[in-house]
Amino acid sequence: MNNMQNTFTWGNLGNIVIVIPLLLVVAALLIYHVRKSRNAVRLLSSKQWAKHFLLNFSPARLYLKAFFFMVGATFLLTTLLHPRWSKKEETVMQQGRDLFIALDVSRSMLVADCEPNRLECAKAKIKTLVKSLSSERVGLLLFSGTAFVQCPLTSDYNAFFMFLDQVDVETIASGTTALDQVIKKVLDAYATMESRKTKLLVAFTDGEDFSSNLASLKQQVMDQHLHIFAVGVGTTEGAPIPLLNVDGKQVGHIKDKKGSVVISRLNEGILHNIADYSGGTYVRMTADDSDVKTIAAKVASFEKEKLGDKRFSTPEEQYPYFLAVSFVSFMLEWLL
């Protein structure tokens, strides 16, 4: 579907710093030429022997020639500004895949067994993953004991990154991780999109799960064909969980009832299990981008679907009209 909008714009207005000085030079040279010609005519008209040379001279023609030359030069130089006075609107069908990305924001994500901590490492990996995607809509969910949508599905990656950047220490929940909550949230979201065949979830978590309903969701995940990709954040050796005060500053480490420092470790077993029965993949977060490349390749292997129609405007260059006016003006100047 196409239609036209008539709006005058300049495609390269920055060239005006070149166009205006050149036009001033042309105008100055024309003024100099006209004055010099008039002075020459005035001088010759006082000589009896030279009067026959001035029989065909016309001051009006002199001015007209200068006028047409100036018009031709103006329109010629204006083409450098790329004039546009219409836009062609087109509607194209967008194809891609819907991908939910879930980020664990439980207290254990503050553990510093990767630099600077698990949360920041996961955020950096998410950005790398999204940048490697093509034509996908992405949504961001945050989860700990509960799950909520931080950013709805969007193809505007800059907006997605803005919502992701808002996740920091203050976002960290005081509770533990419940993977069943985020999986249920994604299942509910896809249930509202009945036509979707490809249903994808990538979860960035340390796998320390305290779900009460994860096993009962297994059949629902398989029935709805939700493919879950899990990225294990942290190390199996683990590290203490920081204890923060109300200002978000570390004042120690979390301890159990016996007074021993709690060590948080990456639990790969449960993440492997979820990825396996859902037809997804589990990868452990790596120092390089091999983990993200694996996930991106898996996502790309799924069939693209129609995501909707998108309208965009294409500016149309109109400089040929300016060149035509310039050519006609120079021709008239030459014929006079």
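Select Pro116 first, in the loop between β5 and α3 (118-131); helices (H or I, at least four residues) and strands (E, at least two) are DSSP runs, numbered from the N terminus. The peptide bond from Glu115 to Pro116 is cis, with omega near -5°.

This is a predicted model, in which local features need pLDDT of at least 70 and side-chain atom pairs count only at pLDDT 80 or more, while totals for chains, interfaces and linings use all residues. Residues are numbered from 1 along each chain as its sequence is written, and side-chain values use heavy atoms, with hydrogens and water left out.

Stay in the loop between β5 and α3 and select Val105. Val105 counts as buried because its relative accessible area is 2%; buried means under 20% relative accessible area, exposed over 50%, and partly exposed in between (1.4 Å probe, protein chains only). Show what surrounds Val105: leaving aside residues up to four places away in sequence, it touches Leu119, Leu142, Phe143, Ser144, Val167, Thr171, Ile172 and Ala173. Contact here means heavy atoms within 4.5 Å. Draw a distance from Val105 to Ala173: the C-alpha atoms are 6.1 Å apart, although 68 residues separate the two in sequence.

Next, select strand β6, residues 137-143. Of its 7 residues, 7 are buried. In a regular strand, side chains alternate between the two faces of the sheet. On one side of β6 lie Arg137, Gly139, Leu141 and Phe143, and on the other Val138, Leu140 and Leu142, all of them buried.

Now add the neighbours of β6. Strand β5 (residues 98-104) runs parallel to β6 and is joined to it by 7 bridges; two strands pair if DSSP finds at least two bridges between them. Pick Phe100 to find one such bridge, whose partner in β6 is Gly139. Strand β7 (residues 147-154) pairs with β6 in the antiparallel sense over 5 bridges. Here Phe143 has Ala147 of β7 as its bridge partner. The two strands β6 and β7 form a hairpin, with 3 residues between them.

Move to Lys199, in strand β8 (residues 199-205). Lys199 counts as buried because its relative accessibility is 11%. Beyond four places in sequence, Lys199 touches Tyr190, Gln224, His225, Leu226 and His227. A polar atom of the Lys199 side chain lies 3.3 Å from the backbone oxygen of Gln224.

From Lys199, go to His225: the two are 26 residues apart along the chain, with C-alpha atoms separated by 6.7 Å. His225 lies in the loop between α6 (214-223) and β9 (226-232). With a relative accessible area of 53%, His225 is exposed. Check its backbone too, since phi of His225 is near 55°, a positive value in a residue other than glycine.

A second histidine to select is His82, in the loop between α2 and β3. Phi of His82 is also near 55° and positive. His82 counts as partly exposed, at 32% relative accessibility.

In that loop, between α2 (59-78) and β3 (83-84), select Leu80. Leu80 is partly exposed at 35% relative accessibility.

Finish by selecting Phe8, Trp10, Leu13, Ile16, Val17, Ile18, Ile20, Leu22 and Leu24 together with Leu80, which form a nonpolar patch on the surface. Helix α1 (residues 16-45) gives the most to this patch, with 6 residues.

Technical notes: Patch = residues over 30% accessible without salt bridge, like charges linked within 9 Å, V, L, I, M, F, W, Y side chains within 5 Å. Areas by Shrake-Rupley, 256 points an atom, 1.4 Å probe, with all protein chains shown as cover. Salt bridge = Lys/Arg side-chain N within 4 Å of Asp/Glu carboxyl O. Polar contact = N/O pair within 3.5 Å; in protein donor to acceptor, adjacent residues only side chain to side chain.
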